[in-house]
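Dear colleague,

I am handing over the structure below, and after it I set out what was found. Please keep it open while you read.

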Amino acid sequence: MKQYLEFDEIEVPSRKTKVFEVRNKETDWFLGTVQWANNWRQYTFVQRLDLQIQMSSGCMKELCVFIDELMNERKHPKVKHCKVKLKCFWCSKRYVDLESHTKKMHLGLTARSYDYNG
Ligand SMILES: [Zn+2]
């Protein structure tokens, strides 16, 4: 759970990458967006123009962690972002969202798939 910031994914049909609104959790102020920068090949924070934004170190860390997670997700897509059904290693049934299935049905075990891990 984030302490200072809230990130809400918004639909931007013209973009292939994700866009998130960044808000102050306490005041609900819109601070800017996290979006893909083509020239840098990475997700960046774009500050809202008409507001001076002051951020504590904890706040900036949350922003950094969020962006790092997005970048990691791109490099290693999670099972849940995959539309194909994966065969559960533990019960041999197929699920689109293997991760939440595993969380619900196989407490304490991590999501594993035959298709995924060989
Ligand atoms: Zn299973």
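What percentage of the 118 residues in the chain is made up of buried residues? The share is 14%, where a residue counts as buried if 20 or more other C-beta atoms, placed from the backbone, lie within 10 Å of its own. Please note that this is a predicted model, in which local features need pLDDT of at least 70 and side-chain atom pairs count only at pLDDT 80 or more, while totals for chains, interfaces and linings use all residues. Residues are numbered from 1 along each chain as its sequence is written.

The chain has three helices and six strands, and from the N terminus these run β-β-β-β-α-β-β-α-α; helices (H or I, at least four residues) and strands (E, at least two) are DSSP runs, numbered from the N terminus.

The largest nonpolar core (buried Ala, Val, Leu, Ile, Met, Phe, Trp, Tyr and Cys residues joined through C-beta atoms within 7 Å) consists of Leu5, Phe20, Val22, Leu31, Val34, Tyr43 and Leu63. Strands E2 (19-24) and E3 (30-37) each contribute at least two residues to this core. Beyond its neighbours within four places in sequence, Val34 has contacts (C-beta atoms, placed from the backbone, within 7 Å) that include Phe7, Phe45, Phe66 and Ile67.

E3 also pairs with strand E4 (residues 42-47) in the antiparallel sense over six bridges, pairing being defined as at least two bridges found by DSSP between two strands. Gln35 has Thr44 in E4 as its bridge partner, and in the hairpin of E3 and E4, with four residues between the strands, Arg41 adopts a positive phi near 55°.

Kind regards

Notes
A residue is buried if 20 or more other C-beta atoms lie within 10 Å of its own, exposed if 12 or fewer, and partly exposed in between; C-beta atoms are placed from the backbone. Two residues are in contact if their C-beta atoms, placed from the backbone, lie within 7 Å.
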